[in-house]
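Welcome! Please take a moment with the sequence and the 3D view below, and then we will walk through them together.

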Amino acid sequence: MALLTLAAAQLAYGHVPLLDSADFALEAGERVALIGRNGAGKSSLLKILAGVDKPDDGELQAQSGLRRVYVAQEPVFAAGISVFDAVAEGVAEARALRARYEAHAPGEDLDALQTRIEALGGWTWEQRVHEALQRLHLEPQAAVDALSGGTKKRVALAQALVAAPDVLLLDEPTNHLDIDAIEWLQQLLVEWKGALVLVSHDRAFIDAVATRIVLLDRGRLTSYPGRFSDYEAERERELHAQALADARADKLLAQEEAWIRKGIEARRTRSAGRVARLQRLRAQRAARREQLGQVRIDLDAGQRSGRIVAELEEVSMRFGERLLIDRFSATFLRGDKVGLIGPNGCGKTTLLKLILGELQPTSGRVRLGTRLQVAYFDQMRSRLDLDATLADTINPGSEWVEIGGQRKHVMSYLGDFLFPPARANAPVRTLSGGERNRLLLARLFALPANVLVLDEPTNDLDIDTLELLEELLQGYEGTVFLVSHDRRFLDNVVTSTVAWEGDPAFGGRPGLWREYEGGYEDWKLQRERARVAVAPAPASASPAAAAAPAQVRPAAARGAKLSYKEQRELDALPGRIEALEAEQRELAERLASAELYVNEPQRVPELQARHEAIEAELMQALERWEALASR
């Protein structure tokens, strides 16, 4: 039996149907990703499944005793509450029942209370809260009001996890999280034993987590089993088949309409059956649910900038005692598409401002190129006037915008970004988060610019718009600087990556930034190779351990019979292992350096091949050393 069943649900917002006789069922252990356009009603459906809202019509059935926890897109907490108390709200019922049990109120049914407390795990609720705080790296006594958006989202997730629900419902769980946190959450949800329904536009995240995709499109729900990549392939086939069927139906309708309008000769031979078929075709055409419009994006690349956009030499940036950037050097050329990645608070926005000349470094030199026209997409949307109308936001004081030398009326331009004329004079504050991002993109692209700076442009954008934005940026002739936590978006757009590598676990130091060729997956592969190169060898393979008499006794001392040649080989192996590890570390550093790809690109395949060959040689040497030493 399904945990949740929604039958014939109806929900409308004004004249727009969000749910139109929609059916949905959630089975135990399923992980369902709910996708669709901005404004399609995904969050509304999630709230209905959570029991927070009700549909206009239809019925939601839930198994008896089913525990559901809903995490909103922007979680709200009580003012002045601590992190510990906020997370403990997830076990509020267990806390209250245990307090009642311990109070021994007269007339209280202690046996019933004990049974319910045990069912909720109420005897150990403090331990569960502390475990969740530790797992999510949260400070128990910190004030929630003072936390960043990403940390507040972690608090909300911890609150949901300690509740141990049967069904977890998450609305845009990756918003405000950095890449490391997204990958951590991704792994946690893959291991989640309960059922899950999530709304997300992060394609890599959905592909890794979901076992079923449900598309909400024009009020209807369509289910696709499997991962997101399976959905993409199936959806492409469906759209192609639908387009062919619609074309055939339109052609037949046109023929019948031409026939019915012929002269008296045709009317004399008109068949009642054919007239009836024409009426059916007209009705089918009228009832056909038209595909929603696509965002149409054009970019004015402005005048060409100089060949060099920015050149940084040994640039460092310090705020008080905190070193954000340490001796970073790079050259960015016209047409480069550069991704900046790193955890929240590591200094990505600061580095961007240094590159653009908006900040002066503590030390080092920044040289800017010529004829730069910069358009900036602000992550926090601080440049949007919430009281201004949509039309005034695009081009204040004028009804026209000019893109690539062509004039377009502001109403038509807003329509390209799926804003109907009726909303052109509405204030910005009436827009959803995704719509505000779309409006900001519309204003950004109305400006002539040869340098685009996009700081988290993908937040709240639906998948269709993301794919169109990717296509636009791929063909853009100017320079792009992109800060994003959307891994697939980075892979599909950028040609090089500037990554924060201050993590000591990967051989980093405070303020360390490096530039790599390729996107996120390329950087991740190279970082993993560097981590392997700098990691200490296992105890059994350590050269120092090999040289220590207490740990690796000579074979003769143990009575084993090694030949003279084998004994010499054993004595030489620790030095050989140490030399191979040193060479591997040196190669990893060279492969991680941008200078290699600029000055000696032809040597990259050779060095990569040698790096991989060393790994095989090391394994052989270690196995041989272990075999000889054990004798």
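Which residues form one aromatic cluster? Y224, F228 and Y231 do, and other ring pairs are described further down.

## Before we start

This is a predicted model, in which local features need pLDDT of at least 70, side-chain atom pairs count only at pLDDT 80 or more, and totals for chains, interfaces and linings use all residues. Residues are numbered from 1 along each chain as its sequence is written, and side-chain values use heavy atoms, with hydrogens and water left out.

## The overall picture

The protein has 631 residues, and 45% of them count as buried (buried means under 20% relative accessible area, exposed over 50%, and partly exposed in between, with a 1.4 Å probe and protein chains only). Its secondary structure comprises 22 helices and 20 strands; these are DSSP runs numbered from the N terminus, with helices being H or I of at least four residues and strands E of at least two.

Take the contacts (heavy atoms within 4.5 Å) between residues at least 6 apart in sequence: 69% of them join residues at least 24 apart. About 31300 Å² of the protein is exposed, with carbon and sulfur atoms supplying 50% of that area. Such areas come from the Shrake-Rupley method with a 1.4 Å probe, and for residues only the protein chains shown count as cover.

## Two nonpolar cores

A nonpolar core is a set of buried Ala, Val, Leu, Ile, Met, Phe, Trp, Tyr and Cys residues joined through side-chain atoms within 4.5 Å. The largest one here holds 54 residues, and V129, L189 and I213 touch the most other members. Helix α6 (residues 149–162) gives this core its largest share, 6 residues. Beyond its neighbours within four places in sequence, V129 is in contact with F84, V87, A88, V91 and V162.

Another core lies apart from this one; it has 45 residues, including I403, A449, F489 and Y520.

## A look at helix α7

Helix α7 covers residues 179–190. Its 12 residues should span 16 Å at 1.5 Å a residue, and the end C-alpha atoms are indeed 16 Å apart; the expected span is 1.5 Å times one less than the number of residues. Buried along α7 are I179, A181, I182, E183, L185, Q186, L188 and L189. At the start of the helix, a side-chain oxygen of D178 comes within 3.3 Å of the backbone nitrogen of D180.

## Two residues with positive phi

Most residues other than glycine have a negative phi. E172, which is not a glycine, has a positive phi of about 50 degrees. E172 sits in the loop between β6 (167–171) and α7 and is buried, at 4% relative accessibility.

R371 also has a positive phi, near 55 degrees. The loop between β13 (363–368) and β14 (374–377) holds R371, which is partly exposed with a relative accessible area of 46%.

## Aromatic pairs

The structure holds 7 aromatic pairs. Rings of Phe, Tyr and Trp (its six-membered ring) pair if their centres lie within 6.5 Å; planes under 30 degrees apart count as stacked, over 60 as edge-to-face and the rest as tilted. Y101 and W123 are edge-to-face because their planes meet at 80 degrees, with centres 5.3 Å apart. Y101 is in helix α3 (residues 92–103), whereas W123 is in the loop between α4 (110–120) and α5 (125–135), 22 residues apart.

Y520 and W523 make a tilted pair, with 5.7 Å from centre to centre and 50 degrees between the planes. They are separated by about one helical turn, because they lie 3 residues apart in helix α18 (residues 520–534). Y520 is buried at 1%, and W523 is buried at 5% relative accessibility.

Conventions
A polar contact is a pair of N or O atoms within 3.5 Å; within protein, one must be able to donate a hydrogen and the other to accept it, and residues adjacent in sequence count only if both atoms are side-chain atoms.
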